[in-house]
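I set aside this notebook page for one structure. The entries follow the order in which I looked things up.

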Amino acid sequence: MSGVTVLRDRWWALGALITLSLVLLAFMVSLAVSIGEIAIPLSTTAKAIANRVFGASFELSRIHQGIIWDYRLSRALVAASVGAALALCGVILQALLRNPLAEPYVLGISAGASTGAVAVMILGFGYGLLTLSSGAFVGAVVAFLFVAVLAAGTGGQSDRIVLAGVAGSQLFNALTSYIVTTSANAEQARGVMFWLLGSLGGVRWSDVYLAAPIALAGFIICMLHARALDAFAFGVDAAETLGISVRRVRIVLLGLTALMTAAVVSIVGSIGFVGLVIPHAARFIVGPLHQRLLPAATLMGAIFMVAADIVSRIIIPQQILPIGVVTALFGAPAFAVILYRARTAA
């Protein structure tokens, strides 16, 4: 029996995998805090965290203490939360739409959220009543409704949903570009375009307090609907036969997807391929049952994003790449493999 089959069939093996993943995530966060223009030993990182969290009294330089706590740790925690949220979004969309290529970026939800956020940021939509996150949420909902209506009008098949998502992405990306080029000054345009590629450079603890609770709440809500997500794998009719309230589950989980996507976009910009690749990798390891798949995908998404952040800071000396560029470099080839496998299976 292969190692993957053991993980799918034995709950104790899954528990060991999750424990190992938590340890790996903690190590990756520590590594992300230690790596930078000023290298900081892991022991110093541990002491700085112990001083702030547990009230320890290790002697550290104020510079190291400030770099670790005020900049790098918050950045790493936001990266982990964003990766977890995007992975959950991918699991939800792939289950509800029964499409292996579904994820917020491919379906245009991220593009719509970006348009909403930029409209608030540059045009001042909402007259000061809408925050950046609220604008992103409105844009995400509008984009999803556009894609849903377009897909339904063309038959609603799985491949048509992806094509409608591509059309939606192009439309909302064009709207975003139009707003930036016609209404933003040069400084705003540079900042917005870099932000749209995905950037963790400006995150602080206030962003942790938004991203982490949303990712945690999203995980809990998804776990409460794990049985429903399993039922959707057999189709809507089968789900209704099993007593699943299809309409309610769709509204709750699709609304959750829009909320998590909006939160991610408002904090770090549009990041693609995480919600596509990570669910497939987790499904390969632990199988399709969502009680196993959801925690595995959540942890793998968090680890992947922290690792991508580390790569973005070290791949080019003295320069930080946008995080979206790094995820695309790894995600695009994986997307091609998934697309080929889906075509072969069909």
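**Entry 1: nonpolar surface**

Which residues make a nonpolar surface patch of about 370 Å²? I am working from a predicted model, and there I find Leu130, Phe137, Val138, Val142 and Leu259 making up the patch. Helix α6 (residues 132-153) gives the largest share of the patch, three residues. Leucine 259 belongs to helix α12 (residues 246-268). I looked up its exposure as well: leucine 259 has a relative accessible area of 39% and is therefore partly exposed, since that class lies between 20% and 50%.

**Entry 2: cysteines**

Next I checked for disulfides. The search covered the whole structure and returned zero. For cysteine 89, I noted that the nearest cysteine sulfur belongs to cysteine 222 and is 7.9 Å away, and that cysteine 89 is in no disulfide. The cut-off for a disulfide is 2.5 Å between the sulfur atoms, so I do not count this pair as one. Cysteine 222 is likewise in no disulfide, with the sulfur of cysteine 89 as its nearest, 7.9 Å away.

Are these cysteines buried or exposed? Cysteine 89 has a relative accessible area of 0%, so I wrote it down as buried. Cysteine 222 is at 0% relative accessibility and therefore counts as buried.

**Entry 3: salt bridges**

How many salt bridges does the structure hold? I count two. In one of them, the side chains of arginine 75 and aspartate 309 meet at 2.8 Å, N to O. This pair links distant parts of the chain, 234 residues apart: arginine 75 is in helix α4 (residues 62-97) and aspartate 309 is in helix α14 (residues 290-314). Both arginine 75 and aspartate 309 are buried.

Aspartate 309 also forms a salt bridge with arginine 313, where the closest N and O atoms are 3.4 Å apart. Aspartate 309 and arginine 313 are both in helix α14, four residues apart, which is about one turn of the helix. As a reminder to myself, an α-helix has 3.6 residues a turn, so residues three or four places apart point the same way.

I then checked burial. Aspartate 309 counts as buried because its relative accessibility is 1%. Arginine 313 has a relative accessible area of 13% and is therefore buried too, the limit being under 20%. Through shared partners, the salt bridges join Arg75, Asp309 and Arg313 into one network.

**Entry 4: helix α3**

I turned to helix α3 (residues 42-53), which has twelve residues. From its first C-alpha to its last, α3 reaches 16 Å, close to the 16 Å expected at 1.5 Å a residue. Which residues of α3 are buried? I listed Thr44, Thr45, Ala48, Ala50 and Asn51. Glycine 55 follows α3, and its phi is positive, near 70 degrees.

**Entry 5: alanine 119**

Where is alanine 119 found? I located alanine 119 in helix α5 (residues 109-123). Its relative accessibility is 7%, so alanine 119 counts as buried. Which residues is alanine 119 in contact with, leaving aside its neighbours within four places in sequence? I noted Gly124, Phe125 and Ile179. I also took the separation from alanine 48: the C-alpha atoms of alanine 119 and alanine 48 are 40 Å apart, and the two residues are 71 residues apart along the chain.

Definitions and conventions. Residues are numbered from 1 along each chain as its sequence is written. This is a predicted model: local features need pLDDT of at least 70, side-chain atom pairs count only at pLDDT 80 or more; totals for chains, interfaces and linings use all residues. Side-chain values use heavy atoms; hydrogens and water are left out. Helices (H or I, at least four residues) and strands (E, at least two) are DSSP runs, numbered from the N terminus. The expected span of a helix is 1.5 Å times one less than its number of residues. Buried means under 20% relative accessible area, exposed over 50%, partly exposed in between (1.4 Å probe, protein chains only). Patches are made of residues with over 30% relative accessible area and no salt bridge: like charges are joined within 9 Å, nonpolar side chains (Val, Leu, Ile, Met, Phe, Trp, Tyr) within 5 Å. Accessible areas come from the Shrake-Rupley method with a 1.4 Å probe; for residues, only the protein chains shown count as cover. A salt bridge is a side-chain nitrogen of Lys or Arg within 4 Å of a carboxyl oxygen of Asp or Glu. Contact means heavy atoms within 4.5 Å.
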